[in-house]
Each structure stands twice: as C-alpha cells, then as structure tokens.
Amino acid sequence: MNVAAPLYEPINTLKPVAPGLWIVDGPIVRMAALGGSAPFPTRMTVARLADGGLWCHSPVAPDAALFAAIDALGPVRHLVSPNKLHYAHVAAWKRRYPDAVAWASPGVRERAAHQKIHVSFDADLGDRPEPAWAAELDQLRFRGSRVIEEVVFLHRASATLILADLIENFEAARLGTAMRWIARLGGVLDPDGKAPLDMRLTFRDRATARACLQRIMGWQPQRVILAHGRCYLDNAGAELRRAFRWLA
Ligand SMILES: [Fe+2]
C-alpha cells in the first residue's frame, strides 16, 4: 500500500461537525524521527461561542483562504494550545488576530523557549473551563504524567470530546513507510488509536490519570475529535474504553 491520500482533503477548509463546531484539516507537518523526519497530518477544531466569538483549538498552519473563511465565521477570541507539543502555529494566528487570547498548556512556555520558537502566550489553561467559554465547553487537565499534561475539552451542546495527543489514530494508507512503522510501534494505528507508547509510559500516577478519565466518561461524550488521524464519530464511550485500556 502506498501513500494514496496522505491529506484529509480539502485542507484548510472549515468542515462542520455539529452546530457551532467545525474541524479544519491542516497541512502535513514533519516530526523528527529515526534520524530524519516523518510527515503526518494535523487537525484543528473551531467552536463558536454564544457571543459569536471563535475558540480555536490547536491551530494548524494557516493560509489566506483559511483566514478568510474564519473571518466570515466570526471574530477569533481564543487560541488554545492543548498540550506542549501543540503550539507551533499559535504565533502565526496571534499575528493575524492580535486581540485573541493565546492560551498556554502546561509546560508549553518552557518548551517553546527551549525550541527557540517565540509565542506570546497571554494566559494559562487550568483544570476548569474559563468563564469566557464555560457555557459552551467543559475542560479538565489530564494529569498523571510528569512529562506531559493535555488540557481536554468537551463541546457541551454536541457532546463532542476534543483531544490532541491523548488519542492518535493514524490511517496506515495515509502515512509514508517510516511514519507507518513509527505509528505501529507507538500503537497509534487506526482503528486501535490511543496515546502513543512513549506518552503512555510517562503516566506514573495512574490513579490520578484514571480519575481524569472517569471525569471524561462522566461527560458522556458522543464523538471524539482527534488532532491526528481518523476521528471517532460514533460509539465514543466504547472507543474511549478501548483507547484508554492501558490505564485499566
Ligand atoms: Fe500531536
């Protein structure tokens, strides 16, 4: 099998998921791996808040057409880095929307400084939804790892869980040979997507992580949007139990 459709075409286009909720499949990004770099797909999520303002989760590399589509949707108010690996394009969006609040995930400021990527974050995400979006989105900090914490969101009206790396679900046909091997070794190949092995291994405080998962399950999500690979649009409860069985 070769790379027939590496991208989720069309890219940089708003795709409705539910009323007031869209995804944007972004360009391929490259990850340092095996002495080279391996390409893989990314995705952002956009929610429209009650006041019409837009909340943008894990912004992808933008282009003029995407900015135009976003402008037609509403004013960008929030740019969200959900974990310290997802922040690379926040700066480009902040330049375009200087009045938007750039929200930092745990450890992202330090990581960006270490990577010498300048991002002017304005505020830090916590374990509870911010007043600005609490009516539309629930939120928690998924704890239990000393290395990486992801801030997880639920779009309340559509019961949609929004994840970045806590579940990755790469479709083999969309990956090159190197990335396919990396995904297989990491246990993140569709349909059995989950957190990558190196991330799972950092969860030493499993009781805390299990408690976070319990809170998520209590939200009773109906679908799961992922930043990488095929989303789980059905049977979210069963998919979450499967994807997090490593915590059992
Ligand atoms: Fe990621």
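**Iron site**

I started at the metal: the iron ion is held by His86 (NE2), Asp165 (OD), Asp165 (OD) and His228 (NE2), at 2.1 to 2.8 Å. Note to self: this is a predicted model.

Next I looked up the geometry. The angles among the four donor atoms run from 51 to 146 degrees, and the site comes out as irregular. For reference, I jotted down that the ideal angle for four tetrahedral donors is 109.5 degrees. To count as tetrahedral here, all angles would have to lie between 85 and 135 degrees.

Then I checked the spacing of the donor residues along the chain, which reads H-x78-D-x62-H. I found His86 in the loop between strand 7 (76-80) and helix 2 (90-96), and His228 in the loop between strand 13 (223-225) and helix 7 (236-243). The two histidines are 142 residues apart in sequence, so the pair ties together distant parts of the chain.

Are these histidines buried or exposed? His86 is buried at 10% relative accessible area, and His228 is buried too, at 3%.

**Helix 4**

I moved on to helix 4, residues 177-186, and asked which residues are buried there. I got Met179, Arg180, Ala183 and Gly186. They sit on the same side of helix 4, because they cover an arc of only 135 degrees around the axis. That fits the textbook rule: an α-helix has 3.6 residues a turn, so residues three or four places apart point the same way.

On the face turned away from the buried side I noted Thr177 and Leu185, both exposed. Just past the end of helix 4, Gly187 has a positive phi of about 70 degrees.

**Second largest pocket**

I pulled up the second largest pocket, with a volume of about 170 Å³. Its lining consists of Tyr8, Lys15, Val17, Ile23, Asp25, Arg43, Arg230, Cys231, Tyr232, Leu233, Asp234 and Glu239. Which elements give two or more residues to this lining? Strand 1 (14-18) and strand 2 (21-25) do. By residue type I get six nonpolar, six charged and no polar residues in the lining.

**Pro16**

While on strand 1 I also looked at Pro16, which lies in this strand. Pro16 counts as exposed, at 65% relative accessibility; the cut-off for exposed is over 50%. I also took a C-alpha distance from Pro16 to Val46: the two are 30 residues apart along the chain, and their C-alpha atoms are separated by 9.3 Å.

Conventions:
Residues are numbered from 1 along each chain as its sequence is written. This is a predicted model: local features need pLDDT of at least 70, side-chain atom pairs count only at pLDDT 80 or more; totals for chains, interfaces and linings use all residues. Side-chain values use heavy atoms; hydrogens and water are left out. On a 1 Å grid over the protein atoms alone, a cavity is a set of points where a 1.4 Å probe fits but cannot get out, and a pocket is an open set with protein on both sides within 12 Å along at least five of seven lines; lining residues have an atom within 4 Å of a point. Grid points are joined across faces, edges and corners, and a volume is the space filled by probe spheres set on the points. Helices (H or I, at least four residues) and strands (E, at least two) are DSSP runs, numbered from the N terminus. Ala, Val, Leu, Ile, Met, Phe, Trp, Tyr, Cys and Pro count as nonpolar, Asp, Glu, Lys and Arg as charged, and the others, Gly among them, as polar. Buried means under 20% relative accessible area, exposed over 50%, partly exposed in between (1.4 Å probe, protein chains only). The arc is that of the directions from the helix axis to the C-beta atoms. Donors are N, O and S atoms within 2.8 Å of the metal (3.2 Å for Na, K and Ca); water is not among the atoms, so sites may look incomplete. Four donors count as tetrahedral if all angles lie between 85 and 135 degrees; four count as square planar and six as octahedral if opposite donors are over 155 degrees apart and all others between 65 and 115; anything else is irregular.
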